[in-house]
Amino acid sequence: MDQTQTPRAAGVSIVGLHKHYGQNHVLKGIDLTVEPGQVVCLIGPSGSGKSTLLRCVNLLETPTEGTIHVGGFEATDPDVDLDAMRRRVGMVFQHFNLFPHLSVLENCTVSPIKVLKRSKAEAEKTARGHLERVGLGDLADRYPAQLSGGQQQRVAIARALSMEPELMLFDEPTSALDPETVGDVLAIMRRLANDGMTMLVVTHEMGFAREVADEVVFMDKGVVVERGPSAEVIGNPQHQRTQDFLARVL
Ligand code: ADP
Ligand code: MG
């Protein structure tokens, strides 16, 4: 198998997830399943808890209550190996979060070398493959500040893929980009989806959600209001809150 292909895809199962920040009850009993290889887009107003939900899935936040399984492993087991668990899950943020002092190639090799114990040569070969895959093979020696926002986000995707994740989380990956670079990033995400990666994507790109997502989940005020096939939720929403939200973003 081509090394840069998705090695395996894990499903996600979230049951009864609650998250409090002090008195602020942010997630109020979320149930959500993503089948292996499925793409689910999470939509909803600002402050509805979408980022918190993603951050719970890769354990950047500790859930107050509920269980999360990733690929059959319980992420919320108190005895879980956090590093092993986080390794399975790739995350791409709105603001790229690249290491500014490392080259594009080094951004993609530092964790495979440190965490996966790959040799430098092996890590570089894999990283170059992923950089080719996102169309940046010839920019491997640049530094993040020398790239456009869209290119930086593509590096962030290549960096996440270099850790051979079984699941990719995207938190508004195109929201900070100039309009002309949004399409490049969405095209790469689309290809990743076609290659069979399991993806949970927070996005306001309704065109992407409609075309690429198997399912769309609409969240508001910490609850899942509506979910279903993307064409149905976006094209024919059943709940007033979903209708109001879509009327604002479409
Ligand atoms: P969304 O991504 O849908 O905009 P968030 O998950 O970022 O929503 O935020 C949901 C709520 O949780 C908001 O009220 C926000 O202020 C609060 N919140 C998010 N992160 C933290 C944090 N680290 N500490 C305290 N409150 C937070
Ligand atoms: Mg958010």
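1. Let me start with the largest pocket of this predicted model. A total of 17 residues line the largest pocket, and Arg86, Val89, Met91, Ser111 and Met163 are the ones nearest its centre. Helix H2 (82-87), strand S6 (89-92) and helix H5 (149-161) are the elements that give two or more residues to this lining. The volume of the largest pocket is about 510 Å³. By class, 9 of its lining residues are nonpolar, 4 polar and 4 charged. For your own checks, a pocket is an open set of points on a 1 Å grid over the protein atoms alone, with protein on both sides within 12 Å along at least five of seven lines, and lining residues have an atom within 4 Å of a point. Grid points are joined across faces, edges and corners, and the volume is the space filled by probe spheres set on the points. Helices (H or I, at least four residues) and strands (E, at least two) are DSSP runs, numbered from the N terminus. In the class counts, Ala, Val, Leu, Ile, Met, Phe, Trp, Tyr, Cys and Pro are nonpolar, Asp, Glu, Lys and Arg are charged, and the others, Gly among them, are polar.

2. A word on conventions. Residues are numbered from 1 along each chain as its sequence is written, while chains are lettered from A and ligands numbered from 1 in the order in which they are written. As the model is predicted, local features need pLDDT of at least 70, side-chain atom pairs count only at pLDDT 80 or more, and totals for chains, interfaces and linings use all residues, with side-chain values based on heavy atoms and with hydrogens and water left out.

3. The second largest pocket has a volume of about 170 Å³. Its lining has 14 residues, with Leu59, Thr62, Pro63, Ala75 and Thr76 nearest the centre. Strand S4 (65-70) and H2 each contribute at least two residues to that lining. The class split here is 6 nonpolar, 4 polar and 4 charged.

4. Leucine 59, one of the residues nearest the centre of the second largest pocket, deserves a look for its backbone too. Its phi is positive, about 65°, although leucine 59 is not a glycine. Most residues other than glycine have a negative phi. Leucine 59 sits in the loop between H1 and S4 and is buried, at a relative accessible area of 10% (buried means under 20%, exposed over 50%, partly exposed in between, with a 1.4 Å probe and protein chains only).

5. Lysine 117 also has a positive phi, near 60°, and is a residue other than glycine. It belongs to the loop between helix H3 (104-114) and helix H4 (120-133). With 67% relative accessibility, lysine 117 counts as exposed.

6. Now to ligand 1. Its shell (residues with a heavy atom within 4 Å) consists of Tyr21, Asn24, Val26, Pro45, Ser46, Gly47, Ser48, Gly49, Lys50, Ser51 and Thr52. These divide into 3 nonpolar, 7 polar and 1 charged. H1 gives the largest share, 3 residues.

7. Three polar contacts (pairs of N or O atoms within 3.5 Å) reach oxygen atoms of ligand 1: a backbone N or O atom of serine 48 at 3.2 Å, a polar side-chain atom of lysine 50 at 2.8 Å, and a side-chain N or O atom of serine 51 at 2.9 Å. Taken alone, ligand 1 exposes 560 Å², and the protein buries 59% of that (areas by the Shrake-Rupley method with a 1.4 Å probe).

8. How much of helix H1 is buried? In H1 (residues 50-57), 6 of the 8 residues are buried, so this helix is largely enclosed by the rest of the structure. The buried residues are Lys50, Thr52, Leu53, Leu54, Cys56 and Val57.

9. The search also gives 1 cavity of 30 Å³ or more; a cavity is a set of points where a 1.4 Å probe fits but cannot get out. The largest cavity has a volume of about 50 Å³ and is lined by Arg133, Val134, Leu161, Ile188, Arg191, Leu192 and Asp195. Helix H6 (residues 179-194) supplies the largest share of the lining, 3 residues. The lining holds 4 nonpolar, no polar and 3 charged residues.

10. Finally, histidine 18 lies in strand S1 (residues 12-21) and is buried, with a relative accessible area of 18%. Histidine 18 and threonine 67 are 49 residues apart in sequence, and their C-alpha atoms are 9.3 Å apart in space.

Note on methods: A polar contact is a pair of N or O atoms within 3.5 Å; within protein, one must be able to donate a hydrogen and the other to accept it, and residues adjacent in sequence count only if both atoms are side-chain atoms.
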